[in-house]
Amino acid sequence: MKVSLCKHRFPIQPPRGSFGAPGPCTDCGITWDQRQAELRKQDEALIVGSSRDGKCPDCNHTRRLFRFQPPAQAWDEPDYEPPVTFLCMGCWDKAAEAHDEKVKALYAELAA
Ligand SMILES: [Zn+2]
Ligand SMILES: [Zn+2]
């Protein structure tokens, strides 16, 4: 895997891209989809590698906890780090779903 030191800037303004489909990085040319796939792979390794037992802050059960960090969006600043929490598998799924809903709602709002 190629390690890129590029901070990546994905244009979300026409004609080069849009909120729904950001254009390729203006610096290195990596596409938004490639970047998302790369991030997901890194995320999975990080989530599995950092899992630990503890008390889930959402449901208060002592379980195996997994790192949850909402994926950065095209409109986030390149240096923005979404907050990290450790959640049990059930709460992790719920948090991921809630995040998806939020992003979908944002897109709908922008498209309106
Ligand atoms: Zn780049
Ligand atoms: Zn939980």
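**Notes on the core and the first helix**

1. Start with the core: the largest nonpolar one has eight residues, namely C56, L65, F66, F68, F86, L87, C88 and C91. Two strands feed it, since β2 (62–68) and β3 (85–88) each supply at least two of its residues. Bear in mind that this is a predicted model. As a general point, nonpolar side chains in soluble globular proteins tend to be buried together.

2. Have a look at F86, a member of that core. Leaving aside residues up to four places away in sequence, F86 touches G54, L65, F66, R67 and F68. Among these partners, L65, F66 and F68 are core residues too.

3. On the overall layout, I count two helices and three strands. They come in the order α-β-β-β-α along the sequence. The C-alpha atoms fill a box of roughly 50 × 40 × 20 Å along the principal axes.

4. Now the helix α1, which takes in residues 32–49, 18 residues in total. From first C-alpha to last, α1 reaches 25 Å, close to the 26 Å expected at 1.5 Å a residue. How many of its 18 residues are buried? Just one, so to speak of α1 as hardly covered is fair by the definition of burial, 20 or more other C-beta atoms within 10 Å.

5. Burial across the protein: buried residues make up 10% of the 112 residues. As for contacts with a separation of 6 or more, 37% are between residues 24 or more positions apart.

Note on methods. Residues numbered from 1 in each chain as written. Chains lettered and ligands numbered in written order. Predicted model: local features only at pLDDT ≥ 70, side-chain atom pairs only at ≥ 80, totals over all residues. Core = buried A, V, L, I, M, F, W, Y, C linked by C-beta atoms within 7 Å. Buried ≥ 20, exposed ≤ 12 C-beta atoms within 10 Å, placed from the backbone. Helix = DSSP H or I, 4+ residues; strand = E, 2+ residues; numbered from the N terminus. Contact = placed C-beta atoms within 7 Å. Expected span 1.5 Å × (residues − 1).
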